[in-house]
Amino acid sequence: MTELQRFIEKTCATYGGNGQCLLDRPCIYFKGSGRCSYAENAVIPGDAKIERKYRLERGAKLAGDYCESCQSPYKRKSNRQKYCPPCSKEEERKKKNYRNRKYRMTVS
Ligand SMILES: [Zn+2]
């Protein structure tokens with residue numbers, strides 16, 4: 001059983017046991033494939049770690065903005081923003097280092 005399945009079994013309100021959803025169908029996380037909007041909206045966001053992994057594995061876009069570097073959710077201030085505040089600082093620093101290196105290379 002995967003971590004996600006354990007999580008669904010424990011947390012999903014419509015999980016009926018035995019891979020079966022109470023909504024009269026198999027639970028897609030146990031049988032079959034695809035996505036479950038109930039789980040994505042109401043169950044998975046309850047656990048940041050599970051949500052992050054889920055997003056990475058499925059490439060699913062859940063509600064909200066996610067940092068391109070660490071995949072954690074953050075509040076986006078502009079359309080150009082790609083990173084959460086700690087990561088954007090880190091990216092800024094990397095860029096600056098790169099510029100400095102380039103500068104040194106041209107002068108030496
Ligand atoms: Zn980040």
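**Loops, sheet and cavity in the predicted model**

D24 is exposed, with a relative accessible area of 73%. This residue is a good place to start reading the structure, which is a predicted model. D24 sits in the loop that links strand 2 to strand 3, and its phi is near 60 degrees, a positive value in a residue other than glycine. For context, most residues other than glycine have a negative phi. A second residue also departs from that pattern: N18, not a glycine either, has a positive phi of about 60 degrees. N18 belongs to the loop between strand 1 and strand 2. N18 is likewise exposed, and its relative accessible area is 74%. Because exposed here means over 50% relative accessible area, the value of 74% places N18 in that class, as does the value of 73% for D24.

The strands joined by these loops come next. Three strands make up an open sheet in the order 1-2-3, and their pairing is antiparallel. Strand 1 (15-17) and strand 3 form the edges, each pairing on one side only. In general, strands of a sheet pair through backbone hydrogen bonds. Between strand 1 and strand 2, the antiparallel pairing extends over two bridges. Y15 can be followed across this pairing, as its bridge partner in strand 2 is C21.

Both Y15 and C21 reappear in the lining of the largest cavity. The structure holds one cavity of 30 Å³ or more, and the volume of the largest is about 70 Å³. Besides Y15 and C21, the lining consists of C12, T14, Q20, R25, P26, C27, I28, Y29, C36 and A39. Two elements of the sheet contribute at least two residues each to this lining, namely strand 2 (20-21) and strand 3 (25-26). By residue class, the lining comprises nine nonpolar residues, two polar and one charged. Since Arg counts as charged, the charged member of the lining can be picked out as R25.

A word on confidence completes the picture. The average pLDDT of the chain is 85, and 92% of the residues score at least 70. Among the elements of the chain, helix 1 (residues 3-11) has the highest mean pLDDT, at 96. Strand 4 (residues 65-66) has the lowest, with a mean of 75.

Terms used: Residues numbered from 1 in each chain as written. Predicted model: local features only at pLDDT ≥ 70, side-chain atom pairs only at ≥ 80, totals over all residues. Heavy atoms only, no water. 1 Å grid on protein atoms, 1.4 Å probe; cavity = no way out; pocket = protein on both sides within 12 Å on 5 of 7 lines; lining within 4 Å. Points joined across faces, edges and corners; volume = space filled by probe spheres on them. Helix = DSSP H or I, 4+ residues; strand = E, 2+ residues; numbered from the N terminus. Pairing = 2+ DSSP bridges. pLDDT = per-residue confidence, 0-100. Buried < 20%, exposed > 50% of the residue type's maximum accessible area, 1.4 Å probe, protein only.
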